[in-house]
Amino acid sequence: MADTFSTHPGQDPTVQDLLAARPALSMHAIDGLVFEDVPLNAIADALGTPTWVMGARTLRTRYHRLDRAMRDAGLDVDIHFAVKANDHLAVLKILRAQGAGADVVSGGELRRAMAAGIPANEIVFSGVGKTRAEMELALHHGIARINVESAEELELLSAAAVACGRTAPVALRINPDVDAGTHAKITTGLAGNKFGIPYDRAVDLYARAASLPGIHAAGIAVHIGSQIERMQPYRAAYARVAELVRAIRARGLGVEVIDCGGGLGISYRHETEGAPEALAHAIRTELGDLGTRLEIEPGRWLAGPAGLLLSTVVLRKRGYDGMPPFIVLDAAMNDLARPSLYDAWHGIIPLSARDAVAPAEQVHVVGPVCESGDTFGHDRTLPRLHDGARVALLDTGAYGMVMSSTYNARAMAAQVLVDGARWDVIRARQKIETLWECDIIPETLTRPAGAE
Ligand SMILES: Cc1ncc(COP(=O)(O)O)c(C=O)c1O
Ligand SMILES: N[C@@H](CCCC[NH3+])C(=O)O
């Protein structure tokens, strides 16, 4: 955890270290940095920067590893991709083609997932504040399940389902009060977090769910946080779920499904990537003998390493009084928000082979936005970068473009999909005029000066 989120201590991996850990990336003398089989300079030449790049082959490879890990453990687990991590229709279509369903947290995500061809009966609706309209939308389309996060929400859902003549298949998302050992802003399974139903109220609430009109009490869901590196928190949470399933069944109620959540971490810096095989083992050990259907809802593990953000050095600014220089990029916190939000560490690699072997120096890497927090790395050891040099920010396929904004009137960056040796633009760079196309000027401001 300290590695992923701290910007200061420890030695940075070198360019060679970063490349060695990422099979989809390679450095070539003439072509420079190549992702899958596409030289990234070709994309930057054609589209400029900042530009997001997703790798289709990488996505497929990762999905298959996860799926195989579950099968090899003797488990039949439905994989629902957490759409919040990357909601691009092309990404969803690729994962769907491999067999993925979806986990969504808003009506918008539900509609995106369906637009990408994922049927509603393979979509689970999670989230702490679903509106009545969102519930109705989900029920109308025949959602596979709604994960309910509170007693209050359960009552609202019952009323919504009765009103539209539907039965809502429900899992109660419990809060197991387990520390996932991750950053405070992305932990979700502690009793004080807003997520889930307090563990000690879950059995009674399940009984209530089973008695309510319009509700089919189908199971239990748990999700304890994101970027989880160790299996122990998973095992602790699953052990609590198993205990709960037994207690519910002892009341004569049925539990058909357990949603085991997402959260598996990746290696941004020095961390060991969460192993799907270890997760499968934890699920089998703790939950495998309960005879329920099993599901997982990973986001980051599938999409994170499948994405990059290309950027160009606008200028080098000399540091104050011998302090490290600032490398100012054309990408900013409005594009990639993770470093400013969580002090997240993302690898940075020059696109040119020659730049990649320049002598290393200590720098601060920043964006041009008017916030001191618009910083991609403090005291980073990087090959010396000149004005105009291009870099790739690594592992930005999850919680990257989806968290972009247009702060400082910066247009949303273009996006490209690489698939082996082929690449396609999958989102055009936003036209700057569209930033104000929804602004409405009150008529009083359009009258000529002095006219009343
Ligand atoms: C309910 C739920 N499911 C799945 C996820 C996906 O998490 P991750 O991207 O860490 O796998 C999240 C995000 O933390 C979540 O809140
Ligand atoms: N946005 C977070 C992850 C949040 C997970 C959603 N509950 C990140 O970038 O690490």
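Which strands and helices do the buried residues of H4 pack against? Let's keep that question in mind, hi everyone, while we walk through this structure together. One thing to say early: what you see is a predicted model.

Let's start with the overall layout. The chain is divided into domain 1, which is residues 2-55 + 304-436, and domain 2, which is residues 56-303. Taken over C-alpha atoms, the centres of the two domains are 32 Å apart. Where they touch, domain 1 gives 32 residues to the contact and domain 2 gives 26 residues. On the domain 1 side, helix H1 (2-5), S4, helix H13 (338-342), S20 and strand S21 (422-427) each supply at least two residues. The largest share of that side is from S20, with 4 residues. And what is the side of domain 1 that touches domain 2 made of, by residue type? It divides into 17 nonpolar, 10 polar and 5 charged residues.

Now, back to helix H4, residues 56-72. How do its length and its residue count fit together? With 17 residues at 1.5 Å a residue, H4 should span 24 Å, and its end C-alpha atoms are indeed 24 Å apart, so the two agree. The buried residues of this helix are Ala56, Thr58, Leu59, Arg62, Tyr63, Leu66 and Met70. Here is a handy reminder for reading such a list: an α-helix has 3.6 residues a turn, so residues three or four places apart point the same way. And here is the reply to my opening question: the buried residues of H4 pack against strands S4 (51-55), S5 (77-82) and S20 (414-419), and against helices H5 (89-98), H11 (276-287) and H12 (300-303). After H4 comes Gly74, with a positive phi near 80 degrees.

Next, the ligands. Around ligand 1 there are 17 residues, and the closest are Ala82, Ser226, Gly262, Gly299 and Arg300. That shell divides into 6 nonpolar, 8 polar and 3 charged residues. Ligand 2 is surrounded by Lys84, Ile186, Ser226, Gln227, Arg338, Tyr342 and Tyr399. By type, the shell of ligand 2 holds 3 nonpolar, 2 polar and 2 charged residues. Which domains does the shell around ligand 2 draw on? Domain 1 and domain 2 each provide at least three of its residues.

There is also a record to look at. An unreviewed UniProt entry carries the annotation "binding site" for Gly263, Glu297, Pro298, Gly299, Arg300 and Tyr399. Let's visit two of those.

Pro298 sits in the loop between strand S13 (293-296) and H12. Is Pro298 buried or exposed? It counts as buried because 28 other C-beta atoms lie within 10 Å, and the cut-off for buried is 20 or more. Not counting residues up to four places away in sequence, Pro298 touches Leu66, Ala82, Gly262 and Leu264. One of these, Leu66, is among the buried residues of H4 that we met before.

Tyr399 is in the loop between strand S19 (390-394) and S20. With 25 other C-beta atoms within 10 Å, Tyr399 is buried too. Leaving aside neighbours within four places in sequence, Tyr399 is in contact with Ala85, Arg300 and Arg338.

For contrast, let's finish at Val357, in the loop between helix H14 (353-356) and strand S17 (360-366). Val357 is partly exposed, because 13 other C-beta atoms lie within 10 Å. Its C-alpha atom is 43 Å from that of Trp436, which is 79 residues away along the chain.

Thanks for listening!

Technical notes
Residues are numbered from 1 along each chain as its sequence is written. Chains are lettered from A and ligands numbered from 1 in the order in which they are written. This is a predicted model: local features need pLDDT of at least 70, side-chain atom pairs count only at pLDDT 80 or more; totals for chains, interfaces and linings use all residues. A residue is near a molecule or strand if its C-beta atom, placed from the backbone, lies within 6 Å of it. Ala, Val, Leu, Ile, Met, Phe, Trp, Tyr, Cys and Pro count as nonpolar, Asp, Glu, Lys and Arg as charged, and the others, Gly among them, as polar. Domain bounds come from an automatic or database domain assignment. The expected span of a helix is 1.5 Å times one less than its number of residues. A residue is buried if 20 or more other C-beta atoms lie within 10 Å of its own, exposed if 12 or fewer, and partly exposed in between; C-beta atoms are placed from the backbone. Two residues are in contact if their C-beta atoms, placed from the backbone, lie within 7 Å. UniProt positions are given in the numbering used here, feature names are shortened, and annotations may be inferred rather than shown by experiment.
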